[in-house]
Amino acid sequence: MKTALTIAGSDSGGGAGIQADIKTMMANGVYAMSAITALTAQNTTKVADIMEVTPQFLAEQLDCIFTDIRPDAVKTGMVASAALIRTIAGKLTEYQAENIVVDPVMVSTSRARLISEEAIETLKEKLFPLATVITPNIPEAEVLADMEIETVQDMEKAAEVIGTRYGCSVLLKGGHQKNDASDLLWQKDKKPVWFHGVRIDNPNTHGTGCTLSSAIASNLAKGRDLETSVEAAKRYISGALAAMLDLGAGSGPMNHGFAIKEEW
Ligand SMILES: Nc1ncnc2c1ncn2[C@@H]1O[C@H](COP(=O)(O)OP(=O)(O)OP(=O)(O)O)[C@@H](O)[C@H]1O
Ligand SMILES: Cc1ncc(COP(=O)(O)O)c(N)n1
């Protein structure tokens, strides 16, 4: 069985972070492992508190994982501080990790800030160069490309600026667009590819970013190329959104197990 690792924060509400990642990896047929960067006290309406692990404890988790069950792919999500990002970059380099998907998580759907200013700089400098692909949403891409994004042409320009500036492939996610949910893949020396998604009329989108990046990592772990992995991940997230789960008072989680049978 192929294996995947998520390096991210725990969401006590179960919709995003480590919990979304593990559910996604399992539903995509790979064995899931986790290295936790922070605990969040969180539900669909708020992030009430955050407790970070120490860089040393994160390093110990990564050592335990890589010296026993080697991940075929790695996804990183919420990493709030520069010291933790440096630890991750150091360990991924030390163990020559492959198929790395970096989701540059900055702000939650419930509008809580999940990364420090200093850490954004460290992400750019240390983690992006190791990434097979990074997966910013539109607000994150605006920060990374220093430009406003309103049109499809703006998305194409921003993806090129980010990819060229940081030396990695970029999947610019269009979930924040009004009319559709189309994502753009930019890869060096290749024609940009659009993944067209029909907007599903579901306000419950907590954890969509975490889920998409984990689904991409799961497919890379299975040996698929990046384009095929994004295509499969899009199919998976569309299914999870279309299942129309409706839990909690805020923007709720998706049904990650929509394709799993309920009775045994
Ligand atoms: N209503 C929707 N219908 C269909 N696909 C969607 C919808 N909302 C988001 N998506 C898709 O979900 C994926 C995640 O995109 P999005 O832009 O929402 O990321 P994000 O903002 O990082 O997510 P998060 O909610 O975790 O912060 C993308 O593939 C996007 O196209
Ligand atoms: C631990 C953790 N990681 C990531 C997110 C972002 O997900 P979303 O933007 O859907 O709230 C989150 N809310 N919590």
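# Reading ligand shells, sheet and helices

User: How many residues of each class does the shell around ligand 1 have?

Analyst: The shell around ligand 1 has 7 nonpolar, 12 polar and 4 charged residues. Here Ala, Val, Leu, Ile, Met, Phe, Trp, Tyr, Cys and Pro count as nonpolar, Asp, Glu, Lys and Arg as charged, and the others, Gly among them, as polar. This is a predicted model, in which local features need pLDDT of at least 70 and side-chain atom pairs count only at pLDDT 80 or more, while totals for chains, interfaces and linings use all residues. Residues are numbered from 1 along each chain as its sequence is written, and chains are lettered from A and ligands numbered from 1 in the order in which they are written.

User: Which residues come nearest to ligand 1, and which elements give two or more?

Analyst: A residue is near a molecule if its C-beta atom, placed from the backbone, lies within 6 Å of it. Of the 23 residues around ligand 1, the nearest are Asn-137, Lys-173, Gly-175, Ala-181 and Gly-209. Helix H7 (208-221) and helix H8 (226-242) are the elements that give two or more residues to this shell. Helices (H or I, at least four residues) and strands (E, at least two) are DSSP runs numbered from the N terminus.

User: What surrounds ligand 2?

Analyst: Ligand 2 has 17 residues around it, with Gly-9, Ala-16, Gly-17, Ser-108 and Thr-109 the closest. At least two residues of this shell come from each of E1, E2 and H7. By class, 5 are nonpolar, 11 polar and 1 charged.

User: How do I read the sheet, and which strands stand at its edges?

Analyst: Two strands pair if DSSP finds at least two bridges between them. Here an open sheet of 9 strands runs in the order E3-E2-E1-E4-E5-E6-E7-E8-E9, and the pairing is mixed. Strand E3 (47-52) and strand E9 (193-195) are at the edges with a single partner strand each, so one side of each has no neighbour in the sheet.

User: Which pairings does the E6 to E9 end show?

Analyst: E6 and E7 are parallel, with 2 bridges; Ile-134 has Val-170 of E7 as its bridge partner. E7 and E8 are antiparallel over 3 bridges, and Val-170 also stands opposite Trp-186 in E8. Between strand E8 (residues 183-186) and E9 there are 3 bridges, again antiparallel. Their partners include Leu-184 with Trp-194 and Leu-185 with Val-193. E8 and E9 form a hairpin with 6 residues between them, and Asp-189 in the turn has a positive phi of about 60°.

User: Are the faces of E7 and E8 covered or uncovered?

Analyst: In a regular strand the side chains alternate between the two faces of the sheet. A residue is buried if 20 or more other C-beta atoms, placed from the backbone, lie within 10 Å of its own, exposed if 12 or fewer, and partly exposed in between. E7 is covered on both faces, with Ser-169 and Leu-171 buried on one side and Val-170 and Leu-172 buried on the other. E8 is also covered on both faces: Asp-183 and Leu-185 are buried on one side, Leu-184 and Trp-186 on the other.

User: Why does Ile-134 count as buried?

Analyst: Ile-134 has 27 C-beta neighbours inside 10 Å, so Ile-134 counts as buried. Ile-134 belongs to strand E6 (residues 133-134). Two residues are in contact if their C-beta atoms, placed from the backbone, lie within 7 Å. Leaving out residues up to four places away in sequence, Ile-134 touches Val-102, Pro-104, Phe-128, Cys-168 and Val-170.

User: Where do the buried residues of H4 and H5 lie?

Analyst: The arc is that of the directions from the helix axis to the C-beta atoms. In helix H4 (residues 117-127), Ala-119, Thr-122, Leu-123 and Leu-127 are buried. These cover an arc of only 110° around the axis, which puts them on the same side of H4. Glu-117, Glu-118 and Glu-121 are exposed on the other side. The buried residues of H4 pack against E4, H3 and E5.

In helix H5 (residues 138-145), the buried residues are Glu-140, Ala-141, Leu-144 and Ala-145. They fall within an arc of 120° seen down the axis of H5, so they line one face of the helix. Their packing partners are helix H6 (152-166) and strand E7 (169-172). Asp-146, which follows H5, has a positive phi near 55°.
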